[in-house]
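I set out here what I looked up in this structure, entry by entry. The topics are charged pairs, aromatic pairs, one tryptophan and the annotated segments.

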Amino acid sequence: MAWIVLVLSGLLETAWAIALDRSAGFSRPLPSAVFAVTLVLSMAGLAYALREIPVGTGYAVWVGIGAVGTALVGMLALHEPASLPRILCLLLVVAGVVGLKFFH
């Protein structure tokens, strides 16, 4: 269960990062509210998962999921560059996250 919560919390990290960008420095109420809610839920999920998963592994997986998810949303929905080197680097992050899970 801890791993499922950790993955969901990583996805929520993607949500709060995108909402933070869309909040325009907290000047837009709806994205600011989405940021606050998803941030709290993401941190709560991380805290729950760290009851069973070592902090080094859990935090690295959480950050990796959030970073890759945010970069993918940026490339797919926000028209950020999607070059081959960027995609290869994201695949390396994914490989690291998967490795951490397997060698946990």
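**Entry 1: charged side chains**

I began with Asp21, which is partly exposed, with a relative accessible area of 46%. I note at the outset that the model is a predicted one. I then looked up Arg22, which at 37% relative accessibility also falls in the partly exposed class, because that class runs from 20% to 50%. Arg22 and Asp21 form a salt bridge, and their closest N and O atoms are 3.7 Å apart. I recorded the general point that side chains of opposite charge can pair when their charged atoms come close. How many salt bridges does a search of the whole structure find? I found one.

**Entry 2: aromatic pairs**

I next searched for aromatic pairs and found three in the structure. One of them joins Trp16 and Phe35 in an edge-to-face arrangement, with 5.9 Å from centre to centre and 80° between the planes. Which helices hold the two partners? I placed Trp16 in helix α1 (residues 2-22) and Phe35 in helix α2 (residues 29-49), so this pair ties together parts that are 19 residues apart in sequence.

I checked the accessibility of both residues. Trp16 has 16% relative accessibility and counts as buried. Phe35, at 13%, counts as buried as well. Phe35 also pairs with Phe26; I noted this pair as tilted, at 5.4 Å centre to centre and with 55° between the planes. I therefore entered the pair as tilted, because its angle of 55° lies between the limits of 30 and 60 degrees. Trp16, Phe26 and Phe35 form one aromatic cluster.

**Entry 3: Trp3**

I turned to Trp3, which I located in helix α1. Is Trp3 buried or exposed? Its relative accessibility is 19%, so I entered Trp3 as buried, the cut-off being under 20%. Leaving out residues up to four places away in sequence, I listed the contacts of Trp3 as Ile53, Thr57, Val61, Lys101 and His104. I also looked up Leu30, which lies 27 residues from Trp3 along the chain; their C-alpha atoms are separated by 30 Å.

**Entry 4: annotated segments**

I consulted the UniProt record, an unreviewed entry, which places the feature "transmembrane region" at residues 33-50, 59-78 and 84-103. Over residues 33-50 I found 94% helix and 0% strand, with the end C-alpha atoms 26 Å apart. For residues 59-78 I entered 95% helix and 0% strand, the end C-alpha atoms being 26 Å apart.

Technical notes: Residues numbered from 1 in each chain as written. Predicted model: local features only at pLDDT ≥ 70, side-chain atom pairs only at ≥ 80, totals over all residues. Heavy atoms only, no water. Phe/Tyr/Trp six-rings, centres within 6.5 Å; stacked < 30°, edge-to-face > 60°. Helix = DSSP H or I, 4+ residues; strand = E, 2+ residues; numbered from the N terminus. Buried < 20%, exposed > 50% of the residue type's maximum accessible area, 1.4 Å probe, protein only. Contact = heavy atoms within 4.5 Å. UniProt positions renumbered as here; feature names shortened; annotations may be inferred. Salt bridge = Lys/Arg side-chain N within 4 Å of Asp/Glu carboxyl O.
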